[in-house]
Amino acid sequence: MTYYVSKINTIDHKSETCVNCGKKDVEKNIVIEKSGMDTLLCPGCETLMIVTNHSANNLALKVKEGEKVTIRHNVKN
Ligand SMILES: [Zn+2]
């Protein structure tokens, strides 16, 4: 599946709620290819949330704001 990412935020733990718009229908257990990090994506406001303790500036992300990202669901969860 391909999603457009308009914003990228980091969060320090998995949440049921989008940090940007507050909706509770975020896509969980998705994996950005080769990132190795847990990510959540809000289909409503197109915010990608990365579960990490590090600042987004320190992450070598494969996706940037304003780009499309291909995701797959993590079959292990
Ligand atoms: Zn949202």
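1. In this predicted model, Leu40 is in contact with Lys14, Ser15, Val26, Glu27, Lys28 and Met49, leaving aside residues up to four places away in sequence. Two of these partners, Val26 and Met49, recur in the next point.

2. Leu40 belongs to the largest nonpolar core, a set of nine residues. Its other members are Cys18, Val26, Leu41, Cys42, Leu48, Met49, Ile50 and Val69. Strands β4 and β5 each contribute at least two residues to this core. In soluble globular proteins, nonpolar side chains tend to be buried together.

3. Strand β4 (38-42) is mostly covered, with four of its five residues buried. β4 runs antiparallel to β5, and four bridges join the two strands. Cys42 has Thr47 of β5 as its bridge partner.

4. The β4 and β5 strands make a hairpin with four residues between them. Glu46 lies in this loop, ahead of β5 (47-51), and has a positive phi of about 60 degrees. Most residues other than glycine have a negative phi. The backbone at Glu46 therefore merits a mention, but its burial class is intermediate: Glu46 is partly exposed because 17 other C-beta atoms lie within 10 Å, between the limits of 12 or fewer for exposed and 20 or more for buried.

5. Thr70 sits in strand β6 (residues 67-73). Thr70 counts as exposed because 11 C-beta neighbours lie inside 10 Å, and the exposed class takes 12 or fewer. Thr70 and Tyr4 are 66 residues apart in sequence, yet their C-alpha atoms are 8.9 Å apart in space.

Terms used: Residues numbered from 1 in each chain as written. Predicted model: local features only at pLDDT ≥ 70, side-chain atom pairs only at ≥ 80, totals over all residues. Core = buried A, V, L, I, M, F, W, Y, C linked by C-beta atoms within 7 Å. Contact = placed C-beta atoms within 7 Å. Pairing = 2+ DSSP bridges.
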